[in-house]
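Open the model in a viewer and keep the sequence panel beside it. The stops below say what to select next and what is there.

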Amino acid sequence: MKLGMARGEVYLRVSAIVVLVLTTCLVAFDTQTKVVLLSIERKATYKDLNALKILVYITSAAAGYNTLQLCKPSTCSKENIKGSYICMGWICFLLDLMAVYITFAANTAAVGASVMAVTGSEALQWLKLCDKFTRFCHQIGGALLCGYVASILMALISTVSAYKVFSLYSPKWFLRLKSM
């Protein structure tokens, strides 16, 4: 693998980690308290929507996974192309894809739940939450935008992983290793 590509992957992973941690912090630490009736207070937190709780867990796990990927030793050399490197390359590629899909799915589920909080539902007798907790909703919206940026960054990481894996194979023969 070329040095420039390795550096690019490191920059992408560090950027993804920063954005994932930002998403997690924006969602997890976002609270707003309002007085509903005289002395009765209502506090809005991410725990009110299960999709936001799941988003916090998944973005934390994805940030941890990308950190672990940064800590693994680089074993890509011409002498080490046999068995174990190919197997490890495929495992990393598939884990990168899983991280992208799960993060994107959790973020999309959180958007769906948040839309319900914005619009409400008369059929289910749910009130519009964002009419009362506007700062909370704006901060969650920013966190969801960060979550999509992180998903795009991780999709770019998975393309680099795919290139690393598939560059080991011959272009003439389907899934046959290149000769040294």
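Start by selecting Asp 96, which has a relative accessibility of 3% and therefore counts as buried; buried means under 20% relative accessible area, exposed over 50%, and partly exposed in between, with a 1.4 Å probe and protein chains only. The model is predicted: local features need pLDDT of at least 70, side-chain atom pairs count only at pLDDT 80 or more, and totals for chains, interfaces and linings use all residues. Residues are numbered from 1 along each chain as its sequence is written, and side-chain values use heavy atoms, with hydrogens and water left out.

**The salt bridges**

Keep Asp 96 selected and add Arg 13. Their side chains form a salt bridge, 3.0 Å from N to O; the term stands for a side-chain nitrogen of Lys or Arg within 4 Å of a carboxyl oxygen of Asp or Glu. Asp 96 belongs to helix α3 (residues 83–119) and Arg 13 to helix α1, so the pair ties together parts that are 83 residues apart in sequence. Helices here are DSSP runs of H or I with at least four residues, strands are runs of E with at least two, and both are numbered from the N terminus. Arg 13 is also counted as buried, because its relative accessibility is 3%.

Add Glu 9 next. Glu 9 makes a salt bridge with Arg 13, and their closest N and O atoms are 3.2 Å apart. Glu 9 and Arg 13 are both in helix α1, 4 residues apart, or about one turn of the helix. Both are buried.

Which residues are linked with Glu 9 and Arg 13 in a network of salt bridges? Select Asp 96 and Lys 164 as well: the four residues together make up that network. Side chains of opposite charge can pair when their charged atoms come close.

For a contrast in setting, select Arg 42 and Asp 48. This pair forms a salt bridge with its closest N and O atoms 3.4 Å apart. Arg 42 is partly exposed, at a relative accessible area of 36%, and Asp 48 is partly exposed at 35%. The structure holds 5 salt bridges.

**The whole chain**

Zoom out and colour by secondary structure. The chain has 4 helices and 2 strands, and along the sequence they follow the pattern α-β-β-α-α-α. Of the 180 residues in the chain, 37% are buried.

**Helix α1 and its partners**

Select residues 3–28, helix α1, together with residues 134–166, helix α4. The two pack at an angle of about 155°, and their axes are 8 Å apart. Axes are lines fitted to C-alpha atoms, for helices over the stretch in contact, and angles run from 0 to 180 degrees between N-to-C directions. α1 and α4 are therefore roughly antiparallel; angles over 145 degrees get that label, those under 35 count as roughly parallel, 65 to 115 as roughly perpendicular and the rest as oblique. Their crossing is left-handed, meaning that the near helix is turned anticlockwise from the far one by less than a right angle, whereas clockwise would be right-handed.

Stay on α1 and select Ile 17. Ile 17 counts as buried, with a relative accessibility of 15%. Now add Ala 150: the C-alpha atoms of Ile 17 and Ala 150 are 7.9 Å apart in space, while the residues are 133 apart in sequence.

Swap α4 for helix α2, residues 50–71. The axes of α1 and α2 come within 9 Å and cross at roughly 155°. That makes α1 roughly antiparallel to α2, and the crossing is left-handed.

**Two more pairs across the sequence**

Select Val 160 in helix α4. Val 160 has 14% relative accessibility and counts as buried. Its C-alpha is 9.8 Å from that of Asp 96, and the two residues are 64 apart in sequence.

Then select Ala 113 in helix α3, which counts as buried at 18% relative accessibility. The C-alpha atoms of Ala 113 and Leu 49 are separated by 7.1 Å, with these positions 64 residues apart along the chain.

**The annotated spans**

Last, select residues 12–29, 49–71, 83–104 and 142–166, which an unreviewed UniProt entry lists under "transmembrane region". UniProt positions are given in the numbering used here, feature names are shortened, and annotations may be inferred rather than shown by experiment. Residues 12–29 are 94% helix and 0% strand, with end C-alpha atoms 25 Å apart. Residues 49–71 are 96% helix and 0% strand, and their end C-alpha atoms lie 34 Å apart.
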